[in-house]
Amino acid sequence: MRIVFATSEVSPIAKTGGLGDVCGSLPKELRKLGHDVVVFMPFYRQARQYFEREGVAVESAHPPVPIVWANWAAQAGFHRTLLPGSDVPLILVENDYFFDREHIYSTHAGADDFLLRYAFFCRAVVLGCQLLGIEPDILHAHDWHAALLPVYLHSGLRGSETFRATRSVFTIHNLNYQGAAGPDAFALTGLHSRYWAGDAVEHFGTVNPMKGGIIFADQVTTVSPNYAREIQTPVHGAGLDGVLRAVSYKFSGVLNGIDSDEWDPSSDPHLEANFEAGKLHGKTVSKRMLAKEARLKYKAKTPLIGVVSRLVDQKGFQLLLPILSKLLKAGAQAVVLGSGENYYEEGFAQIAAQNPESCSVWLGFDNELAHRIYAGCDLLLMPSMYEPCGLNQMYALRYGTLPVVRMTGGLADTVVPYDGTNREIANGFGFVDPASEDLYFATWAGMLNYKDSRLWKTLQTNGMQHDFSWSRSARQYEATYERALKG
Ligand code: ADP
Ligand code: GLC
């Protein structure tokens with residue numbers, strides 16, 4: 001099959017979260033299955049910096065051409081390189097006005113143009129396929145940024161030579177980011193007025209790309225089976241549960257995998273010492289090095305708790321901030337790496353300032369440090385309010401770090417909490433109600449069981465030996481593509 005990925009993020013080139021990880025690794029796995037995959041992403045400033053840093057050549061695939069849609073015209077240039085570590089072609093869509101910005105998702109001062117930026121990106125993917133002679137069987141659009149593509153496909157593209165046999169798949173990585181904008185923004189999509197309807201992109205008076213993607217894609221997926229069930233209910237459906245129930249015949253959950261080459265403790269170049277299940281000395285070294293890096297005293301018997309996350313409401317740190325000092329007093333050390341909303345950044349910084357001997361905080365984004373945290377900690381906290389899949393808990397499990405999670409979304413599909421009786425299968429700790437005391441007790445249970453080194457090793461081994469690679473899920477995507485082609 002010829003598959004085109006359209007995504008806003010690709011790791012390690014430009015990423016803010018798991019969307020980048022998935023779109024940087026799933027294409028490689030599909031390639032291994034023999035498919036012909038091409039990935040399109042915006043040529044962000046961060047991408048240029050990445051290629052410069054790595055000394056990777058990016059060649060022009062097509063000189064800038066104007067894209068004219070609605071009452072807009074903008075130039076799109078196309079550059080070509082390979083997805084790092086693979087032979088998968090990566091096409092970078094260039095337009096410096098839209099994509100040469102300080103942050104991936106920040107806008108020029110005063111200009112709130114997110115819908116315009118990504119409508120442009122979708123138009124450029126269409127044009128890029130036409131100019132570069134790419135005739136996709138499957139157009140796989142990811143998250144709201146690419147959600148207009150299935151709508152464009154529906155709105156007449158199938159009449160074109162390039163897309164005459166194309167079917168679309170839309171994957172929801174996070175239903176809460178829908179790209180919704182006021183009614184005036186409809187003109188920016190360039191869609192015919194018949195798409196301004198409740199069974200198209202109109203949603204309670206706003207333009208909603210996510211809704212359009214769900215309605216018009218031939219198949220819709222999300223990133224874990226449990227989240228697929230949850231978002232069909234009003235509590236988790238972010239206003240689109242009814243739409244999802246209506247399309248349940250073409251909607252399924254496919255659990256994310258992880259890039260098991262990048263996230264492999266036995267060969268990870270970011271670690272001082274490598275390790276694997278059954279040979280955990282390198283993990284002890286990693287803990288010692290991490291403590292040093294965090295300016296904490298290394299204490300072999302004290303559980304070291306880690307957090308690596310975007311600091312936003314989704315991640316549930318409103319539950320952690322009120323009890324973190326209490327956990328430190330109960331005998332834990334903690335390291336936090338994250339960036340996001342001021343409330344959380346300041347909250348963590350304040351706790352670190354008050355507990356310099358037991359807590360250290362890095363505010364920012366640092367992939368290499370993230371690797372060292374997964375490797376060096378004993379417990380990783382993810383008290384998410386909701387979590388479509390979550391990759392951090394899988395990285396932690398692979399690195400022998402036991403996750404403490406709220407049992408929601410993909411966390412419930414990947415973490416088996418220890419309950420005192422299930423040591424053969426358990427790999428972490430969990431709680432259900434979004435309450436600080438429940439998070440406290442789950443973490444405390446982790447700290448307590450840490451003292452039992454035989455039990456701990458068993459739980460670590462359960463996590464480290466589990467296969468979180470893409471192989472199974474890539475087959476499920478293949479089956480989804482086949483269903484789309486039959487539909
Ligand atoms: P989400 O996509 O909702 O942020 P995931 O668990 O799916 O959550 O993926 C998060 C990804 O982003 C992981 O690869 C994680 O290591 C990375 N990450 C998050 N915050 C940071 C940070 N501050 N520094 C480095 N990596 C981070
Ligand atoms: C989103 C979700 C996260 C998921 C990631 C990759 O950012 O918040 O749970 O793992 O996408 O699918």
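## Two ligands and two sheets in a predicted model

In this predicted model, a polar backbone atom of G390 lies 2.8 Å from an oxygen atom of ligand 2. Taken alone, ligand 2 exposes 310 Å², and the protein buries 94% of that area. The residues around ligand 2 number 14, and those that come nearest are H173, N256, E387, C389 and G390. Side chains take part in polar contacts here as well: a polar side-chain atom of H173 is 2.7 Å from an oxygen atom of ligand 2, while a polar side-chain atom of Q314 is 3.1 Å from an oxygen atom of the ligand. When the shell around ligand 2 is sorted by class, there are six nonpolar residues, six polar ones and two charged ones. Helix α1 gives the most to this shell, with three residues.

### The surroundings of ligand 1

Around ligand 1 there are 22 residues, of which G18, D21, R310, K315 and Y374 are the closest. By class, this shell holds seven nonpolar, nine polar and six charged residues. Several elements each supply at least two residues of the shell, namely helix α1, strands β12 (304–311) and β13 (333–340), and helices α13 (367–376) and α14 (392–398). The side chains of K15, D21 and K315 each place a polar atom by an oxygen atom of ligand 1, and the table gives the distances.

| Side chain | Partner | Distance |
|---|---|---|
| K15 | oxygen atom of ligand 1 | 2.8 Å |
| D21 | oxygen atom of ligand 1 | 2.8 Å |
| K315 | oxygen atom of ligand 1 | 2.7 Å |

On its own, ligand 1 has 560 Å² of accessible area, and the protein covers 94% of it.

### The sheet of nine strands

Helix α1, which contributes to the shells of ligand 1 and ligand 2, also packs on a sheet. That sheet is open and has nine strands with mixed pairing, in the order β3-β4-β5-β2-β1-β6-β7-β10-β11. Strands β3 (59–69) and β11 (251–253) form the edges, each pairing on one side only, and the twist from one strand to the next averages 25 degrees. Helix α1 (residues 18–32) touches β1 (2–6), β2 (36–42) and β6, and its direction makes about 170 degrees with that of β1. Within the sheet, strand β6 (residues 138–142) runs parallel to strand β7 (residues 167–172), and five bridges pair them; one of the residues concerned is L139, whose bridge partner in β7 is S168. A further helix, α18 (residues 471–486), lies across β1, β6, β7, β10 (219–222) and β11, and runs at about 135 degrees to β7.

### The sheet of six strands

A second open sheet has six strands, paired in parallel and ordered β14-β13-β12-β15-β16-β17. Its edge strands are β14 (359–363) and β17 (429–431), each of which pairs on one side only, and the average twist from one strand to the next is 15 degrees. Strands β13 and β14 run parallel and are joined by five bridges, with C359 in β14 as the bridge partner of A334. Helix α12 (residues 342–354) lies across β12, β13 and β14, at about 145 degrees to β14, whereas helix α17 packs on the sheet by touching β15 (379–382), β16 (402–406) and β17, its direction making about 75 degrees with that of β16.

Two packed helices are described by the angle between their axes and the distance between the axes. For helix α16 (residues 436–450) and helix α17 (residues 453–465), the axes come within 7 Å and cross at roughly 120 degrees. In this contact G446, N449 and Y450 of α16 meet S453, L455 and W456 of α17, and the residues divide into three nonpolar, three polar and no charged.

### Two details of the backbone

Most residues other than glycine have a negative phi, and most peptide bonds are trans. Against that background, the peptide bond from S11 to P12 is cis, with omega near 5 degrees, and P12 lies in the loop between β1 and α1. F204, which is not a glycine, has a positive phi of about 45 degrees, and the loop that holds F204 lies between β8 (202–203) and β9 (206–207).

Conventions:
Residues numbered from 1 in each chain as written. Chains lettered and ligands numbered in written order. Predicted model: local features only at pLDDT ≥ 70, side-chain atom pairs only at ≥ 80, totals over all residues. Heavy atoms only, no water. Pairing = 2+ DSSP bridges. Helix = DSSP H or I, 4+ residues; strand = E, 2+ residues; numbered from the N terminus. Axes fitted to C-alpha atoms, helices over the stretch in contact; angles between N-to-C directions. Contact = heavy atoms within 4.5 Å. Near = heavy atom within 4 Å. Polar contact = N/O pair within 3.5 Å; in protein donor to acceptor, adjacent residues only side chain to side chain. Areas by Shrake-Rupley, 256 points an atom, 1.4 Å probe, with all protein chains shown as cover. Nonpolar A, V, L, I, M, F, W, Y, C, P; charged D, E, K, R; others polar.
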